[in-house]
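Biologist: I have this model open and would like to go through it with you. Can we start with one of the strands and move on to the DNA later?

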2 protein chains.
Amino acid sequence: MPATIRDVARASGVHISTVSRTFSAPHLVNAETRSRVLATAESLGYRPNRAARALITGRTHNIGLIVADIANPFFPPMIKAAEGQARLRDHHIFVADTNEDALVEEDLVRALAKQVDGVLLCSPRMSNSLIEQLSREVPLVVVNRLVAGLPCVVMDVAGGASRAIEHLVGLGHRELALLGGPRGSWTNREIRKAAIAAAKAADAKLTVISPNPPTEDGGLAAAEQVIKSGATGVLAYNDLMAIGLIEGLDAAGVRVPADISVVGIDDIASARRTRPKLTTVANPTSAAGRAAVDMLLQHGDDRRTTAQITLQTELIVRDSTGPGPHRARSSGKE
Amino acid sequence: MPATIRDVARASGVHISTVSRTFSAPHLVNAETRSRVLATAESLGYRPNRAARALITGRTHNIGLIVADIANPFFPPMIKAAEGQARLRDHHIFVADTNEDALVEEDLVRALAKQVDGVLLCSPRMSNSLIEQLSREVPLVVVNRLVAGLPCVVMDVAGGASRAIEHLVGLGHRELALLGGPRGSWTNREIRKAAIAAAKAADAKLTVISPNPPTEDGGLAAAEQVIKSGATGVLAYNDLMAIGLIEGLDAAGVRVPADISVVGIDDIASARRTRPKLTTVANPTSAAGRAAVDMLLQHGDDRRTTAQITLQTELIVRDSTGPGPHRARSSGKE
DNA sequence: GACATCCCAGCAAACGTTTGCATTAATGGG
DNA sequence: CCCATTAATGCAAACGTTTGCTGGGATGTC
């Protein structure tokens, strides 16, 4: 029903190739013809069919972006940054949400594969080997995970987690807890390793409570376990869980930071607005989104660059952490 | 580089049409041939090109979903509900964010047009006439706006706003304010009309402060104007603005609900977790997402149904509203 | 044994574009 | 005035599929 290139050609008395060139290579067609074609195209309401075009050029000018959970406030800034960067490069971003489900994730990559020039796989939940396999079907850039041989952009969550633990220890906490995130998350493993190492180095006890859904409810539900663990300082997989945890502790009559100190990760917008304001590890999500788009787009030029970039994180101390039962040794010699 | 149907045909010694049928109409091909084709397809890593298929079948099994701002917590539940419903119907959802920009919105609809079977236009910011024009290029379902002649799903925000105003008046507030949302929002106009009517009916004064960005910052920035208006009860365009407003009032030393009562709209997840807990008008966003998908999909069957459905809203009274300076008259005769 | 039927598979056109090559007309140089 | 160059357009193949039609062989019926 919609007008095709052939309709326009017929109506303006030229060959379809001339119509095609009018749109994709205007300088190759006579100014007069061009304006005539343009006029009839306009009157017929003709729009080039991008899918058909992509079939032959091999480029869709679209980028797929897959996230684990669109409701997680961690992602929107990244998505928006990616969209902005894509717009600059004359591309569009199509977002899809996997519901934290590895199967859905695979299905979505395949569905997107031929309709986009590449896919930004953010916080994937599937296995490395599957990611490698999929990367043979469609150009992939992995965000929040390191996969050998593939272009990746990650944040230094390990460094962030270490600093968070050191911060707690520095405040005098010796009994710590780590509120882990979802199974399958690379970030979760990194945080875990780093937290364990940092706790060991500081001679502090660390109870790992894992896995948990990376949501407020996940944090809330774990409050009881945290209390039972005897920890006075806890690091959560993300801000959402930290906020949920604080709520759960509050409901149980445990005060933050007076009784227990809590630090989150991500520095989502609302971390600044909770009470107490959340101490957290800030992640450069916007920069990550931009970098991912750039990597994908330049990846086309020189094949197999497979750069892997790591963006720095930063500990932001606010009001959800306070002095622990053990006085910090720093009052002495240092 | 990826294997095509032709490669599989060659490798398994059959015609391409047989390969095609092996995937899209298995019952038409001999079981033995089928398994042979399947095997070589597997070994070659062949995946049908959905774009090429769509070119000829006219169906992509994809649905576009366009929202004004993916960072607004109002949308994710709707998106997720739509995704779930789409999955049930064997379709995929591609989400795009317009940044509250009508131009981007138009651009996105056009970009999506030929790659999806239809577009769910949620809270559009562009004009009705443009929407009508675009609906001739791609099947559209409009959410959160009534457009004559097009399938729409809206929520009864007018009713919700009226009830909110009545609630405030009932508490003894006579000086009210409406914190308006963005220009171009149908919902905003509906709320405004309903609030003005309800205030007039109750003989209360209503100051309209508009337009504002529909975000926490938008609410926060308007706090001063609200205070200056002398209002003791205010209705905000959405919860985000209400939360920002409360924060702004708090910063100015104005207490909620002791000095000023605030009611929001949407009942986003965090409205239950703020302090004070937010009184708000709940919107059935998930139901809206599901309904929109269904309308789009069945729209294909019988043309020009253009049903328009309205979902009910509900006032949820929590802690951000309290008694006003004027005692409710209900103490007397009623 | 002749005929109708059915199952499979091949053939080729179609979907809406792009693009290398061929063709034509116009221009400029000597 | 001839030839070489350039500009503008047409031609047709290609992209990766689907699908109506055709035909050949096997089967079943009388």
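Modeller: Fine. This is a predicted model. In strand β1 (residues 62-67) of chain B, six of the six residues are buried, so the strand is largely enclosed by the rest of the structure.

Biologist: Which residues sit on each side of β1(B)?

Modeller: Asn62(B), Gly64(B) and Ile66(B) lie on one side, with Ile63(B), Leu65(B) and Val67(B) on the other; all are buried, and both faces are covered.

Biologist: How many bridges join β1(B) to β2(B)?

Modeller: Six, and β1(B) runs parallel to β2 (residues 92-97) of chain B. Between the two, the chain passes through helix α5 (residues 75-88) of chain B, in a right-handed β-α-β crossover.

Biologist: What about β3(B)?

Modeller: β3 (residues 119-122) of chain B also pairs with β1(B) in the parallel sense, over three bridges. Ile66(B) stands opposite Leu121(B) in β3(B), and opposite Ala96(B) in β2(B).

Biologist: Now the DNA. Which residues come nearest to strand C?

Modeller: Of 25 residues around DNA strand C, the nearest are Ile5(A), Ser17(A), Ser20(A), Asn49(A) and His15(B). α2(A) gives the most to that surface, with six residues.

Biologist: And which are closest to strand D?

Modeller: His15(A), Ile5(B), Ser17(B), Ser20(B) and Asn49(B), out of 26 surrounding DNA strand D. There α2(B) gives the most, six residues.

Biologist: How many charged residues are on the surface near strand D?

Modeller: Three, alongside 12 nonpolar and 11 polar. The surface near DNA strand C has 11 nonpolar, 11 polar and three charged residues.

Methods: Residues numbered from 1 in each chain as written. Chains lettered and ligands numbered in written order. Predicted model: local features only at pLDDT ≥ 70, side-chain atom pairs only at ≥ 80, totals over all residues. Near = placed C-beta within 6 Å. Helix = DSSP H or I, 4+ residues; strand = E, 2+ residues; numbered from the N terminus. Nonpolar A, V, L, I, M, F, W, Y, C, P; charged D, E, K, R; others polar. Buried ≥ 20, exposed ≤ 12 C-beta atoms within 10 Å, placed from the backbone. Pairing = 2+ DSSP bridges. Right-handed = clockwise from strand over helix to strand, strands pointing away.
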